[in-house]
Protein chains: 2
Amino acid sequence: MRDPIRVIVVGTGQMGAGIGRLILDKRGLELIGAYGRRPERAGMDFGEAAGLGCTTGLLISNGLADLIERTRPHVAIQATCSRLADAKDEIITLVEHGVHVISIAEEVAYPKHRDPEIAIEIDRLAATCGVSVLGTGVNPGFVLDLLVIALTGVCADIASIRAERSNDLSPYGPSVLASQGVGLTPEAFQRGLEHGNVVGHVGFPESIYMIADAIGWEIERIEESREPIVSKVRREMPFVIVGPGQVAGCRHRAIAYRDGKPVITLIHPQQIYPQLEDVKTGDRIEIIGRPNLRLSGSPEIPGGEATAALAVNMIPHVLNAAPGLHVMADLPVPAAILGDARKRVHGMSGLAGESR
Amino acid sequence: MRDPIRVIVVGTGQMGAGIGRLILDKRGLELIGAYGRRPERAGMDFGEAAGLGCTTGLLISNGLADLIERTRPHVAIQATCSRLADAKDEIITLVEHGVHVISIAEEVAYPKHRDPEIAIEIDRLAATCGVSVLGTGVNPGFVLDLLVIALTGVCADIASIRAERSNDLSPYGPSVLASQGVGLTPEAFQRGLEHGNVVGHVGFPESIYMIADAIGWEIERIEESREPIVSKVRREMPFVIVGPGQVAGCRHRAIAYRDGKPVITLIHPQQIYPQLEDVKTGDRIEIIGRPNLRLSGSPEIPGGEATAALAVNMIPHVLNAAPGLHVMADLPVPAAILGDARKRVHGMSGLAGESR
């Protein structure tokens, strides 16, 4: 049996912690390092800093290149940011050092949308360096794009696609809640939108273009709208209290047009404690076409857990992929790693798929 | 723009007809030939014989090798049978002539289960000849395996998987209904099971091993059970009448065990006119794990339409794949072809995914 797949986490926040814990648990994967941006965390034990309830013997590093040279990882999982521009430098450093990259930055799920030049730069560099780069996560990356694409696979023709994800924000921290305008008055929510403090969901264009690209639709334009979800009741969290008339979350919607007609509608209302107003959260996909399709689940697939699992579960597929920049629709479907991760990697245990 | 992707259909029955019609409709695909097993169809126009309501100018051939040599297809879609042993010779002939193969034969969805030697033979021959072979279809191939696998991708751990597909058999013909025991007495159904005339669903082990292989579970054994669905009401089709007390279909179930415990349960009740007894058909997947997941849709994804669409929609992925034998879990998710099919094929229009 070959040595384990050597993994580092880039980011030691809540998501980096969840990802690190999964890597520690999986057979065939070895967590060999952790990079954190915050200087005050340098030198701390990753397990303690990330709240894993154990020491890992891995000290958080503030120097990414140093960490790579010292630990020689096969693959890195990036969990430091949402934006492509912010994620880029770390990705470039990793790729230049011959490290495969899985990023949960939302804009990396389909980077050609936000900045085609950066996407091409990363693609070429990865191809040159012989590694793969993938953006993934629950959304963008799964519920409102990959699952939708998979369902289109049973269709002969499609008139329109509608997908909705309604979720509970209460598991999230203050910065996520602030980005959704939680606790504001409706007027402050509007000002927040204008000033860019309230952003709603990051990832609608990424999901839409991933779908359109996969099925061969040319999208003319995307219209996005963000409305406050005004609470009728009191909703209380440790660090924010929403009274009646205040904002409990953001109903963010995107509509993509083709030949002047709306063809893809994605809706993502996010709020704290939706059950207090009897709102049933969940995921729902509806395709009008040949045939018509409907698939739904309630409650929603939990975002944090799902994103961490996807990032780790995609490791074998990323190691197997042709060098370059990939999107979820270009790789095999994610699959839980419940056995030895090495068995899914070509060349690590004979032929792929030969585990039986 | 390069020439279209040249496709032949192997099989001119109901499924071959549906697949042929789709190929005729898709930009970038060209239907260039049709092979049929039945001698009486040789020389007939494919469109007329298949009931497409038009002539196609393609005469059905009884000689597969001759047809290939004359038409030089890139890819063939096989829709002649359900069993691997029955599908094998046509697949070998196609592969030896350098033709990629997509088969809707149920046992080809995961051929290592039924006959590992045939699977290895096809894999090696395909690799040698530089082509890919894939089995697909609604089930096995999609609802009870690929969709399940995709959902496991958001899981950190899984205790058990349960998936159920309840469908209406009334769109199908006499041979399918006979294989499910429709119209028999419960006693004749039992005798049919013993004699192998009543078979239920073909594909449970294929789906189970595809899932287990993808997530890394070792399956000890599979228990299958087939029970008659005894009608309480009269259900009438053109060629069979089911009276109260007679069999309207087959409730087929398979349970896979691991470490002595049931871990994958697949249930597939199939009957004619289930709505006459207020049975709601549909697809449902339930995963007990971290997190728990539930996804369902009603009515069921229509089997015939979905299988034809999957077979055609997988063409670009099969052309892009590394030479050899593949299963659905090893290739990118299926996606409807709504633009030019060539744009999804590497090397036919620059980089894959560069259609924007």
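I looked up the salt bridge between Glu218(B) and Lys343(A) and found an N to O distance of 3.9 Å between the side chains. The rule asks for a side-chain nitrogen of Lys or Arg within 4 Å of a carboxyl oxygen of Asp or Glu. It finds two salt bridges across the interface of chain A and chain B.

I note that this is a predicted model, where local features need pLDDT of at least 70, side-chain atom pairs count only at pLDDT 80 or more, and totals for chains, interfaces and linings use all residues. Side-chain values use heavy atoms, without hydrogens and water.

Next I looked up the extent of the interface. Chain A gives 59 residues to the contact and chain B gives 59 residues, with contact meaning heavy atoms within 4.5 Å. The buried area is about 4,900 Å², and carbon and sulfur atoms give 56% of that area. This is the accessible area (1.4 Å probe) that the two parts lose on being put together, summed over both.

Then I checked the symmetry. A turn of 180° and a shift of 0.0 Å along the axis lay chain A on chain B with an RMSD of 0.0 Å; the superposition is by least squares on the C-alpha atoms of residues with pLDDT of at least 70 in both copies. The two copies are thus related as by a two-fold rotation axis. I find that 100% of the contact residues of chain A recur in chain B, so the same surface serves both copies.

Which residue of chain A comes closest to the rotation axis? I find Pro332(A), with its C-alpha at 2.1 Å.

How values were computed:
Residues numbered from 1 in each chain as written. Chains lettered and ligands numbered in written order.
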